[in-house]
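Hi there,

Here is the structure I promised to pass on to you. Have a look at it first, and then read on for what turned up.

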Amino acid sequence: MARTHMVSVSGVNPYPNCLLCGVEISNLCPRNVDPTRSDILFKENKWKHYRKAKLEHVMVPSKEVEEAYLAKFPDMWSCMCRAILKGPGTKYSLSGITAIETSPTDPYIIPKNPSMARIGGKRRNIKYDDDTFTQFYAASIKKQLSRFKGENIGFVVHAHCWALLDRIISTTLVERKMEKFIRAARKYWRDHELWGIYDCLLGSWKYSGSKSAHPGFEYGCDIFMNPFIVPEVQKAIDNARKTKKKQSQRRGSNVPLEVAIMIAEWTCPIDYTPADVMNTRNMLSAWQWILPDWFWKRRLEEAIFVELKSLREASDSIDWQGLRLDLMALVSDQEWYSFSGLANRERVLSFMTAIKSNFLDMS
């Protein structure tokens, strides 16, 4: 169980924690990234054409941010946030996306329109000077401070955590019942520990090959990796689309399916290694056997691969057997898995599933 690691700050606006993953949000958290720099995201290929933009604020569709893996600054995702806003006498509403610029004294500034995201502009600091943005103070997940009474408050969520939530429960439904969802999430976090991300060791941390040297591993995995977009998983899916071909109904030398399964189970046990996966791949390639779905589902926990649901619903032809082998190769590589976004996704999904259960149980 992770220990609580909260930073005491003076003033009126403490650092917020993501309502969905529990991690503390600070503009100091990404390794070697200053998210308040107006041009930081312009170095990504997706937005590099904005590099010389003279616009006061560069606004793009929020979907562009949610679907973006920031290859040059992969930690930047942890600063790109939405807020669930609540003002005096108003209902909860979802904001747009921006890189949260934390301050112990000033209110946070965020786009009003949930379909838009700010990725930069000629100003280093956003100013509350037009109707594009709104301001709020950070809401406490566990107990709201009395000094915020009568103010605009906001529960902050990572943009990618919000997108991941949509794979667990429709965020359209959540937005219709936002107050209920807030109660469900706060109920969960009142009974569990929040995850501190602010750590003075992060600025000097270098990968040494040792998990114990990484501050994030006091929480069991690398909490700085994007839990929604895992490039290696997307690569496996793309490869399965490209390699789909008509499968022969002949199973090597007319071997009965029952016998093929027995051989496959011996080659690839339930508790398999990367070598087992490679041997199974070679065997199936040589004999052109097609094994039933249940064989793969006993070996691969597919719930963590949220991409597969929409993949099944699409009309694309997929080499499912090849895809499962590729995914099994990923999860069996413990060195890769521990440092990957997939391990962080497993952590975050456990929280979201519990919050969803609270939400559905509430009258």
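Helix H12, residues 341-361, runs for 21 residues and reaches 30 Å from its first C-alpha to its last, close to the 30 Å expected at 1.5 Å a residue. At the start of H12, Ser 340 places a side-chain oxygen within 3.1 Å of the backbone nitrogen of Leu 342. Please keep in mind that all of this comes from a predicted model.

For the overall picture, the chain holds twelve helices and eight strands. Of its 363 residues, 52% are buried. Among the contacts in the chain with a separation of 6 or more, 73% are between residues 24 or more positions apart.

Now to the strands, starting with S8. How many of the six residues of strand S8 are buried? Six of the six in S8 (residues 153-158) are, so the strand is largely enclosed by the rest of the structure. You can follow this on both faces: Ile 153, Phe 155 and Val 157 point one way, Gly 154, Val 156 and His 158 point the other way, and all are buried.

S8 has a neighbour in strand S2 (residues 80-86), and the two pair in the antiparallel sense over six bridges. If you want to trace that pairing on screen, Arg 82 stands opposite Val 157 in S8, and Lys 86 has Ile 153 of S8 as its bridge partner. Strand S7 (residues 133-138) also pairs with S8, but here the sense is parallel and there are two bridges. In that pairing, Ala 138 is matched with Gly 154 in S8.

S2 itself is mostly covered, with six of its seven residues buried. Besides S8, S2 pairs in the antiparallel sense with strand S4 (residues 98-99) over two bridges, where Met 80 has Ala 99 as its bridge partner. S2 also pairs with strand S3 (residues 93-94), again in the antiparallel sense and over two bridges. There, the bridge partner of Ile 84 is Leu 94 in S3. The hairpin of S2 and S3 has six residues between the strands, and Gly 89 in this hairpin takes a positive phi near 75°.

Next, a helix pair. Two packed helices are described by the angle between their axes and the distance between the axes. For helix H6 (residues 257-267) and helix H7 (residues 274-287), the axes come within 9 Å and cross at roughly 150°. Because angles over 145 degrees count as roughly antiparallel, H6 is described as roughly antiparallel to H7. On the H6 side, the contact is made by Ile 263, Ala 264 and Thr 267. On the H7 side, Asp 276, Asn 279, Thr 280 and Met 283 take part.

One last spot you may like to check is Gln 288, found in the loop between H7 and helix H8 (293-297). Most residues other than glycine have a negative phi. Gln 288, however, has a positive phi near 60°. Is Gln 288 buried or exposed? Its relative accessibility is 27%, so Gln 288 counts as partly exposed, given that buried means under 20% and exposed over 50%.

Happy browsing, and best wishes!

Key: Residues are numbered from 1 along each chain as its sequence is written. This is a predicted model: local features need pLDDT of at least 70, side-chain atom pairs count only at pLDDT 80 or more; totals for chains, interfaces and linings use all residues. Side-chain values use heavy atoms; hydrogens and water are left out. Buried means under 20% relative accessible area, exposed over 50%, partly exposed in between (1.4 Å probe, protein chains only). Helices (H or I, at least four residues) and strands (E, at least two) are DSSP runs, numbered from the N terminus. Two strands pair if DSSP finds at least two bridges between them. The expected span of a helix is 1.5 Å times one less than its number of residues. A polar contact is a pair of N or O atoms within 3.5 Å; within protein, one must be able to donate a hydrogen and the other to accept it, and residues adjacent in sequence count only if both atoms are side-chain atoms. Axes are lines fitted to C-alpha atoms, for helices over the stretch in contact, and angles run from 0 to 180 degrees between N-to-C directions. Angles under 35 degrees count as roughly parallel, over 145 as roughly antiparallel, 65 to 115 as roughly perpendicular and the rest as oblique. Contact means heavy atoms within 4.5 Å.
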